[in-house]
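Let's take a walk through this structure together. Have the sequence and the 3D view open, and follow along.

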Amino acid sequence: MAEPPILVVGAGVGGLAAALALARAGRRVEVVERAPRIEEVGAGLQISPNAGRILQEFGLGPAMRETALEPQALRIRRAGDGAVLASLPLAAVRERWGAPFRVFHRADLQKLLLDEALRCGVEVATGRRCEGFVQDAEGLRLRLVAEAGAETRAGAAVIGADGLRSTLRDALALRPDDAPFSSGKTAWRAILPADALPAPLRERASQLWLGPSAHVVHYPLRDASIVSAVAILDDSADKGPPAETRTGAELAAAMGFTRWSADLRALIEAGVSWRRWPLFVRPELPRWGRGRVVLLGDAAHPMTPFLAQGAAQAIEDAAALGRALEGAAPIEAALEAYQAARMTRAAKVQRGSWRQGSHVHLRGPAAAARDLSIRLLGGRGMLARNAWLYR
Ligand SMILES: Cc1cc2nc3c(=O)[nH]c(=O)nc-3n(C[C@H](O)[C@H](O)[C@H](O)COP(=O)(O)OP(=O)(O)OC[C@H]3O[C@@H](n4cnc5c(N)ncnc54)[C@H](O)[C@@H]3O)c2cc1C
């Protein structure tokens with residue numbers, strides 16, 4: 001009897017990248033997704049060169065040229081008066097690290113991965129929620145719930161790419177006290193029409209505004225006619241109405257905008273509907289799996305978004321998983337090799353992201369010292385500091 005396929009649970013960026021890597025490694029793969037359709041919420045995603053190189057190796061270079069935008073710079077600005085503290089020359093990234101710095105509409109990246117996975121023979125079953133697994137002498141089976149009722153599905157291995165609140169992580173029970181916990185920060189996300197913004201905010205650049213207890217990131221998407229924006233506030237500063245969405249005026253009021261630059265205020269006020277996204281994380285795991293079941297992406301290492309690395313690390317996981325399962329090694333050994341290749345790096349990025357969260361929300365003299373050190377280091381120096389992430 002033919003070996004059952006490898007089952008990937010979750011069709012986010014991590015799950016689809018893993019499915020594609022496994023198919024390219026010659027494995028039969030099926031993706032199981034709880035949503036009835038594969039579609040991402042409207043928001044942007046920055047894909048740094050460490051992940052971009054992998055997507056290029058997956059053969060997605062030409063498709064990415066059509067869908068991604070390559071910002072020429074990252075401007076770090078002081079939110080209070082709009083002063084540019086440093087401009088990182090992102091155009092130099094391709095030459096130095098083998099892939100450009102790209103920004104995507106999430107839906108575009110997800111479609112690109114899905115189309116290529118389907119082309120490589122991956123099967124995708126939507127509308128199926130995974131409730132756990134059974135791993136015994138008879139093999140490995142996923143427990144699924146679909147509209148028509150409960151199902152089980154046999155797999156040669158199970159890859160849990162089911163995100164922060166992963167059912168498979170809970171089922172694996174890899175450590176006590178593993179519940180998701182708040183990072184103390186909340187993100188507000190919106191897609192804005194570029195023509196509603198002041199000219200300096202419409203350039204083909206990513207911009208990071210540093211304010212007390214808050215920061216804002218925005219960048220243009222597609223043909224630069226829309227802008228993805230995210231405002232992140234310390235929960236202690238987030239005192240507006242507790243709605244799931246806010247108008248720009250409500251968000252500006254919550255951010256205490258009397259002290260912020262007029263351009264930044266215009267950006268926030270241009271948002272008709274800002275969507276709340278409380279930022280949760282989970283503790284580091286001592287291992288990512290057991291036997292033939294292993295985690296990947298946010299399910300394995302959810303991180304705060306302050307280094308813009310969550311999806312990038314999921315893509316790195318996918319590439320390592322594909323490499324581990326390319327040969328004839330027994331699956332259990334291959335999944336151990338995958339964890340050994342990835343756990344130290346992912347944990348380092350998780351910790352780095354956490355630290356960055358405090359750094360970007362400093363207040364008073366500490367913020368002034370940080371701003372001075374950014375100025376002294378300059379754009380090239382700031383970019384060089386990211387070499388450990390990008391190489
Ligand atoms: C504000 C913000 C900004 C960010 N910006 C960046 C950035 O610029 N660059 C970057 O690299 N990262 C960024 N990230 C992080 C990035 O979004 C995540 O790390 C990434 O999306 C994780 O992908 P994933 O596939 O592991 O999980 P998810 O995207 O969460 O996908 C999980 C999938 O599993 C499915 N699923 C869940 N449970 C089940 C179940 N029981 N059965 C079946 N299916 C299930 C879900 O429906 C979903 O499709 C950002 C995050 C935030 C919050």
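Helices (H or I, at least four residues) and strands (E, at least two) are DSSP runs here, numbered from the N terminus. Keep in mind as you read that this is a predicted model.

**Two domains and a ligand**

Let's begin with the big picture. The chain is split into domain 1 (6-38 + 126-180 + 282-357) and domain 2 (182-280 + 361-390). To the contact, domain 1 brings 14 residues and domain 2 brings 10 residues. Their C-alpha centres sit 31 Å apart.

Where does the ligand lie relative to domain 1 and domain 2? Both domains give residues to the shell around the ligand, so the ligand lies between them.

That shell is made of 32 residues, and the closest are Gly14, Glu33, Gln46, Arg106 and Asp298. Sorted by class, the shell holds 14 nonpolar, 10 polar and 8 charged residues.

Backbone atoms get involved too. Here are three places where a polar backbone atom of the protein pairs up with an atom of the ligand:

| Residue | Ligand atom | Distance |
|---|---|---|
| Arginine 34 | nitrogen | 3.1 Å |
| Alanine 308 | nitrogen | 3.2 Å |
| Alanine 311 | oxygen | 3.0 Å |

On its own, the ligand has 1,000 Å² of accessible area, and the protein covers 88% of that. The elements that give two or more residues to the shell are α1 (13-24), β3 (44-47), β8 (128-136), β12, β17 (274-281) and α9.

**Alanine 308 and glutamine 46**

Alanine 308 deserves a second look. You'll find alanine 308 in the loop between β19 (293-295) and α9 (310-324). Its phi is near 50°, which is a positive value in a residue other than glycine. Is alanine 308 buried, exposed or partly exposed? With a relative accessibility of 26%, alanine 308 counts as partly exposed.

One of the residues in contact with glutamine 46 is this same Ala308. Glutamine 46 belongs to strand β3 and counts as buried, because its relative accessibility is 16% and the cut-off for buried is under 20%. Leaving aside neighbours within four places in sequence, the other contacts of glutamine 46 are Phe101, Arg102, Val103, Ser206, Val217 and Tyr219.

**Another positive phi, and a glycine**

Aspartate 177 also has a phi near 50°, again a positive value in a residue other than glycine. Aspartate 177 sits in the loop between α6 (167-172) and β12 (181-193). Aspartate 177 is exposed, because its relative accessible area is 68% and exposed means over 50%.

Glycine 59, just after α2, takes a positive phi of about 90°. In helix α2 itself (residues 49-57), the buried residues are Pro49, Asn50, Ala51, Gly52, Ile54 and Leu55.

**A buried serine**

Now go to the loop between β13 (205-211) and β14 (214-221), where you'll find serine 213. Serine 213 has 6% relative accessibility and counts as buried. Which side chain makes a polar contact with the side chain of serine 213? The partner is arginine 363, at 2.6 Å. Apart from neighbours within four places in sequence, serine 213 is in contact with Ile232, Leu233, Asp234, Ala237, His361, Leu362 and Arg363.

**Out on the surface**

Two exposed residues round off the tour. Arginine 380 lies in helix α11 (residues 364-384), and its relative accessibility of 61% makes it count as exposed. Neighbours within four places in sequence aside, arginine 380 is in contact with Pro89 and Ala92. Arginine 380 is 323 residues away from glutamate 57 in sequence, and their C-alpha atoms are 27 Å apart in space.

Alanine 328 is in the loop between α9 and α10 (331-359). At 83% relative accessibility, alanine 328 counts as exposed. Look along the chain to lysine 348, which is 20 residues from alanine 328: the C-alpha atoms of the two are separated by 30 Å.

Conventions
Residues numbered from 1 in each chain as written. Predicted model: local features only at pLDDT ≥ 70, side-chain atom pairs only at ≥ 80, totals over all residues. Heavy atoms only, no water. Buried < 20%, exposed > 50% of the residue type's maximum accessible area, 1.4 Å probe, protein only. Near = heavy atom within 4 Å. Polar contact = N/O pair within 3.5 Å; in protein donor to acceptor, adjacent residues only side chain to side chain. Areas by Shrake-Rupley, 256 points an atom, 1.4 Å probe, with all protein chains shown as cover. Nonpolar A, V, L, I, M, F, W, Y, C, P; charged D, E, K, R; others polar. Domains from an automatic or database assignment. Contact = heavy atoms within 4.5 Å.
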